[in-house]
Amino acid sequence: MVKRGIIIGRFQPPHRGHVEVFKQILREVDELIVVVGSAQESHTLENPFTAGERVLMISKALAEARVDLSRVHIIPIPDVNNNAIWVSHVTSLSPPFEIVYSGNPLVRRLFKEAGFETKTPPMFKRKEYWGTEIRDRMIRGKRWEELVPEAVLEVMREIKAVERLKDLSKTDYLLR
Ligand code: NAP
């Protein structure tokens, strides 16, 4: 039987730490489902990129890392306003899986209560590879490019990501 694991994150944006986590999990399972969570979110400071942009960034980063893409399924899933039904929402949209990888205690609790095996994935250079820090650096004009895979950088350039974040930071500042 195929052993499938699932990892759920917002990937705003996907960075080198995420790719290392995916590669590590792929040593433990036959196939990995990468869920792009909060898929309904985009164009905010916390969630600047659309689900489609994040799927593109992840698949290109995995290809660049020479990961066998036939072993990876990348799917976007929007949030639901009810934690008690979230696991069944995820399972209704995902390929079947047995093991849930998450560093988030709420995610682990919800899947554990639903009878799934849960594991905490390893963290790679956490102080360097951190979505919040990368978004902040992009807005402040500090160096961030080496924190994401080259393939992600290319998509970021294509979608003018820095320009978007800088504009959003102006808008959000006015709304605060
Ligand atoms: P997240 O928002 O992507 O991550 C939260 C924090 O954990 C971020 O700082 C993230 O860093 C960090 N992190 C994630 N994976 C890591 C790893 N392997 N090593 C070190 N740090 C890591 O993901 P999440 O909070 O775990 O939530 C997952 C998704 O599920 C979200 O989209 C959430 O909205 C959704 N969810 C929905 C419901 C519902 O709809 N009711 C309930 C539960 C969860 P980076 O930014 O660097 O990744």
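Are Phe-111 and Phe-116 buried or exposed? In this predicted model, both Phe-111 and Phe-116 turn out to be buried. These two residues make a good starting point for a walk through the structure, beginning with the aromatic rings.

The structure holds five aromatic pairs. One of them joins Trp-86 and Phe-111 in an edge-to-face arrangement, with 5.6 Å from centre to centre and 70° between the planes. This pair links distant parts of the chain, since Trp-86 sits in helix α3 (residues 83–93) and Phe-111 in helix α4 (residues 105–113), 25 residues apart. Both Trp-86 and Phe-111 are buried. Phe-111 also pairs with Phe-116: the ring centres are 5.6 Å apart and the planes stand at 80°, so this pair is edge-to-face. A wider view brings in one more ring, as Trp-86, Phe-97, Phe-111 and Phe-116 form one aromatic cluster.

Helix α3 offers a further side chain to look at, that of His-89. His-89 has a relative accessible area of 17%, and because the cut-off for a buried residue is under 20%, His-89 counts as buried. The side chain of His-89 reaches the backbone oxygen of Pro-78, at a distance of 2.8 Å.

Attention now moves to the ligand. The ligand is surrounded by 21 residues, and the closest are Arg-10, His-15, His-18, Ser-38 and Arg-126. Several polar atoms can be followed one by one. In the side chain of Ser-38, an N or O atom is 2.7 Å from an oxygen atom of the ligand. Asn-104 likewise places a polar side-chain atom 2.7 Å from an oxygen atom of the ligand. With Gly-131 the backbone takes part, as one of its N or O atoms lies 2.8 Å from a ligand oxygen. On its own, the ligand has 890 Å² of accessible area, and the protein covers 82% of it.

Helix α2 shows how a helix can have a buried side. This helix spans residues 51–64, 14 residues in total, and reaches 20 Å from its first C-alpha to its last, close to the 20 Å expected at 1.5 Å a residue. Its buried residues are Ala-51, Glu-53, Arg-54, Met-57, Ile-58, Ala-61 and Leu-62. Around the axis they cover an arc of only 160°, which puts them on the same side of α2. A general rule helps in reading such a list: an α-helix has 3.6 residues a turn, so residues three or four places apart point the same way. After α2 comes Arg-66, with a positive phi near 60°.

The backbone holds a few more details for a careful reader. His-43 has a phi near 55°, a positive value in a residue other than glycine. His-43 belongs to the loop between β2 (31–36) and α2. Its relative accessibility is 41%, so His-43 counts as partly exposed. Lys-160 is not a glycine either, yet its phi is positive at about 55°. The place to find Lys-160 is the loop between α6 (150–158) and α7 (161–175). Finally, the peptide bond from Gln-12 to Pro-13 is cis, and its omega is near 0°. Pro-13 lies in the loop between β1 (4–9) and α1 (16–25).

Definitions and conventions
Residues are numbered from 1 along each chain as its sequence is written. Side-chain values use heavy atoms; hydrogens and water are left out. Helices (H or I, at least four residues) and strands (E, at least two) are DSSP runs, numbered from the N terminus. The expected span of a helix is 1.5 Å times one less than its number of residues. Buried means under 20% relative accessible area, exposed over 50%, partly exposed in between (1.4 Å probe, protein chains only). The arc is that of the directions from the helix axis to the C-beta atoms. A residue is near a molecule or strand if one of its heavy atoms lies within 4 Å of it. A polar contact is a pair of N or O atoms within 3.5 Å; within protein, one must be able to donate a hydrogen and the other to accept it, and residues adjacent in sequence count only if both atoms are side-chain atoms. Accessible areas come from the Shrake-Rupley method with a 1.4 Å probe; for residues, only the protein chains shown count as cover. Rings of Phe, Tyr and Trp (its six-membered ring) pair if their centres lie within 6.5 Å; planes under 30 degrees apart count as stacked, over 60 as edge-to-face and the rest as tilted.
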